[in-house]
Amino acid sequence: MPFWLSLTVLVCELLAFAIPAIVCTVCNSKATRLGHPVRGAVAIGWGVLGLVVAISLMLWFFG
């Protein structure tokens with residue numbers, strides 16, 4: 001597989017999981033201002049992103 005193609009797939013995969021975590025964080029700040037913080041959803045979003053980043057980078061470098 002060409003290097004540019006594997007790098008493109010890696011970046012797209014990371015963006016696919018980063019965008020929901022960022023949106024969840026932005027919505028949590030608005031919910032906090034309204035008095036309804038949802039910290040659990042934000043933690044899950046960033047936790048899933050961290051797991052995906054770790055697995056993706058290990059597969060990209062060692063796979």
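Helices, of at least four residues, and strands, of at least two, are DSSP runs numbered from the N terminus.

**Figure 1. Overall fold of the predicted model.** The structure shown is a predicted model. The protein contains 2 helices and 0 strands. Its radius of gyration is 15 Å, well over the 11 Å that the globule rule gives for 63 residues, so the protein is more spread out than a compact globule. The C-alpha trace spans about 50 × 15 × 10 Å along its principal axes. Of the 63 residues, 17% are buried. The accessible surface amounts to about 4700 Å², and carbon and sulfur atoms account for 80% of this surface.

**Figure 2. Surroundings of Ser6 in helix H1.** Ser6 is located in helix H1, which covers residues 3–34. The relative accessible area of Ser6 is 16%; Ser6 is therefore classed as buried, the limit being under 20%. Two polar partners of the Ser6 side chain are described here. A polar atom of this side chain lies 2.9 Å from the backbone oxygen of Phe3. The side chain of Ser6 also makes a polar contact, at 3.2 Å, with the side chain of Trp60. When residues up to four places away in sequence are not counted, Ser6 touches Met1 and Trp60. Trp60 thus appears both as a polar partner of the Ser6 side chain and among the residues that Ser6 touches.

**Figure 3. Asn28 and its contacts beyond the local sequence.** Asn28 belongs to helix H1. Asn28 counts as buried because its relative accessibility is 12%, and the limit for this class is under 20%. Apart from residues up to four places away in sequence, Asn28 touches Pro37, Val38, Arg39 and Val42. For one of these residues, Val42, the C-alpha atom lies 7.3 Å from that of Asn28, with the two positions 14 residues apart in sequence numbering.

**Figure 4. Val52 of helix H2 and its partners.** Val52 lies in helix H2, the helix made of residues 39–62. With a relative accessible area of 13%, Val52 is buried. Its contacts, leaving aside neighbours within four places in sequence, are with Glu13, Leu14 and Phe17. The C-alpha atoms of Val52 and Ala18 are 9.6 Å apart in space, and the two residues are 34 residues apart in sequence.

**Figure 5. Nonpolar surface patch that includes Met58 and Phe61.** Leu51, Ile55, Leu57, Met58, Leu59, Phe61 and Phe62 make a nonpolar surface patch of about 780 Å². Met58 is found in helix H2. Its relative accessible area is 49%, so Met58 is classed as partly exposed; the exposed class begins over 50%. Phe61, another member of the patch, is likewise found in helix H2. Phe61 counts as exposed because its relative accessibility is 58%.

**Figure 6. Separation of Phe61 and Val26.** This view relates Phe61 of helix H2 to Val26. The two residues are 35 residues apart along the chain, and their C-alpha atoms are separated by 32 Å. The Phe61 side of this pair is exposed and contributes to the nonpolar surface patch of about 780 Å².

Terms used:
Residues numbered from 1 in each chain as written. Predicted model: local features only at pLDDT ≥ 70, side-chain atom pairs only at ≥ 80, totals over all residues. Heavy atoms only, no water. Patch = residues over 30% accessible without salt bridge, like charges linked within 9 Å, V, L, I, M, F, W, Y side chains within 5 Å. Areas by Shrake-Rupley, 256 points an atom, 1.4 Å probe, with all protein chains shown as cover. Salt bridge = Lys/Arg side-chain N within 4 Å of Asp/Glu carboxyl O. Buried < 20%, exposed > 50% of the residue type's maximum accessible area, 1.4 Å probe, protein only. Polar contact = N/O pair within 3.5 Å; in protein donor to acceptor, adjacent residues only side chain to side chain. Contact = heavy atoms within 4.5 Å. Rg over C-alpha atoms; globule rule 2.2 N^0.38 Å.
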